[in-house]
Amino acid sequence: MRLAEELEDPYYLYSIGLVLLSICVYVYINIYPEFAMNVSAILYPAIAAIPVVVYLVSIRKVSFSWEDKFSVMIVFQWIGSIIWFVGEIIWCWYYNLYYGLGNPYPSIADIFYVGAYFPVIMGLAIYIIYLYRTIKLELTRTQLLAGISSAIGAGVIVGAIYWIMTIASYAGEIIPLDEFILNILYVLLDAVLLVVIVFGFIVIRGKMGRILLLFLVSCLLIIVYDVSFAYLEAYGLYYDGHPVELLDLISYIVDALAFYEVAKLVK
Amino acid sequence: MNPKKFIWMSMIIILIFLGIRMGVLSQEEVWFNGLEVGAYYRWSISGGAISMISISVDDMHVEEDYTLYYLTYRDSSRPDGVPLEVNLTWEEDVMLLLENANISLPDFAIYLWWNASLLEYAKENRTAMEYYNISSIEYRDIMYGFSPRKTIVVHLNDAEILVDMGTGVALYAVIGEVSLSLVETNIIWRHAILLSIILLVILCVLSIVSLRVGIRRRGERK
């Protein structure tokens, strides 16, 4: 019933339309791969701009305060979205369309891709820790231990897989220092983010639960994308316009949905 | 540690990291990036015996130490096209793609496709420049349609060639009496950045409109 209601919401319909549009575009560029780089470089910044713009609508109504952990999470997610958007502009407009480079790594864009993790992780962690403190009494010791160990376990396992795939992509060649540092950062930050996400799923509560859920799903999509990207790179299967990029694009749309829920909440 | 301290320390770490990264930033090799299967290029020519050249990339065959490209070459005297093969070995530097072609081409045609990475290297290395008989190399930003594009201008004794950095193909050239320009390709989009900006604006406007309608309807339901 609630799902049917949501599907009548114009913004949800619009988001579904965006996902379908992205899927159609990626089907097209995989049939005509010579267009892949240009088309994905045109689409990416446009989608990445949506969460940035959607939050702007309610920016004056969401006051920021360190005491209000929910506002900290929202503002930090938005800062993360802005930094990711700048990264996409640099990757797509500067490297792909101006320079004509296909898959620039490492590049200036990576500074922004990595930089965005910090506000995103901090924002989520601050709010999730606050939620945990609030509901601590509801959790038994066993539930708490199981939650923490599964979160850390998931982070370690995925981090290890990600690292193995990243190393495998060099096929025994020496890894330049800057790439090595960057690889470590990507793996570490994704692993830490996953720990925060899994713990977030355990403590998710309250009327703001849907907003947190959408942010967590968005971050989860990014991690799945990153690990899949590393796997594809390891076996030389990645190219600009690969369908796996859809996960990254959908994560922006889900982020925008979370900001839409914020706008509904503060209306 | 209180959250404020944690955030400030994290920001400082990011700044240090950014500084290091900016200092050691490396650029990926370009090679002949425009050699994608399905790629198509057509140049219009004036001042020569032929008025048009087009090249399409039909297929490629990758081996451990070389790659064989199967192209189709057309010009105004061979409108039906002739198959052209290029064998690129990874062990030696190739500056001009069509020097390795298995058929004879008009003299100026070999300057249609350059190794942009090698040109960048030659720009900083006088010996390499002399080796390829290049008198000067300079970067130039041009407007390709409504999009800016990074190019390299190569000066030879009697030629000036504007080479696209991404694909390595000549966008414009004057070679002796012959002048040519790239008039059609499916790899470089003339208005790509403008299209992206337009799409960005459209999607953002649609987002705001659908958001406002969504919130209004929710208010009406309540």
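**Exercise 1. Place A:Asn183 in its chain.**

Decide whether A:Asn183 is buried or exposed, and find its surroundings.

*Solution.* Step 1: read the accessibility. A:Asn183 has 3% relative accessibility, so this residue counts as buried. The cut-offs are under 20% relative accessible area for buried, over 50% for exposed, and partly exposed in between (1.4 Å probe, protein chains only). The model is predicted: local features need pLDDT of at least 70, side-chain atom pairs count only at pLDDT 80 or more, and totals for chains, interfaces and linings use all residues. Residues are numbered from 1 along each chain as its sequence is written, chains are lettered from A and ligands numbered from 1 in the order in which they are written, and side-chain values use heavy atoms, without hydrogens and water.

Step 2: find the element. A:Asn183 sits in helix α7 (residues 177–203) of chain A. Helices (H or I, at least four residues) and strands (E, at least two) are DSSP runs, numbered from the N terminus.

Step 3: list the partners. Beyond its neighbours within four places in sequence, A:Asn183 contacts A:Tyr105, A:Trp163, A:Thr166, A:Tyr170 and A:Ile175. Contact means heavy atoms within 4.5 Å.

**Exercise 2. Describe the fold of chain A.**

State which elements chain A has, and compare its radius of gyration with that of a compact globule.

*Solution.* Step 1: count. Chain A has nine helices and zero strands.

Step 2: compare. For 267 residues, a compact globule would have a radius of gyration near 18 Å; chain A has 19 Å, which agrees. The radius is taken over C-alpha atoms, and the globule rule is 2.2 Å times the number of residues to the power 0.38. Along the principal axes, the C-alpha atoms fill a box of roughly 55 × 40 × 35 Å.

Step 3: look inside. Of the 267 residues in chain A, 59% are buried. Take contacts with a separation of 6 or more: residues 24 or more positions apart account for 76% of them.

Step 4: take an example. A:Ile250 lies in helix α9 (residues 245–266). A:Ile250 and A:Ile47 are 203 residues apart in sequence, yet 8.7 Å apart in space, C-alpha to C-alpha. Leaving out residues up to four places away in sequence, A:Ile250 touches A:Val19 and A:Leu221.

**Exercise 3. Describe chain B and locate B:Asn133.**

Give the element counts of chain B, then find where B:Asn133 lies.

*Solution.* Step 1: count. Chain B has four helices and nine strands. Their order from the N terminus is α-β-β-β-β-α-α-β-β-β-β-β-α.

Step 2: check burial and contacts. Buried residues make up 44% of the 222 in chain B. Among contacts between residues at least 6 apart in sequence, 41% join residues at least 24 apart.

Step 3: locate the residue. B:Asn133 lies in the loop between α3 (126–131) and β5 (136–144). Its relative accessible area is 55%, so B:Asn133 is exposed. Its phi is near 55 degrees, a positive value in a residue other than glycine.

**Exercise 4. Size the interface.**

Find how much area is buried between chain A and chain B, and how many residues take part.

*Solution.* Step 1: take the area. About 4,800 Å² is buried between chain A and chain B, and carbon and sulfur atoms give 71% of this area. Buried area is the accessible area (1.4 Å probe) that two parts lose on being put together, summed over both.

Step 2: count residues. Chain A brings 55 residues to the contact and chain B brings 53.

Step 3: name the main contributors. In chain A, A:Tyr98, A:Tyr99 and A:Ile111 lose the most area to chain B, together 15% of what that side buries.
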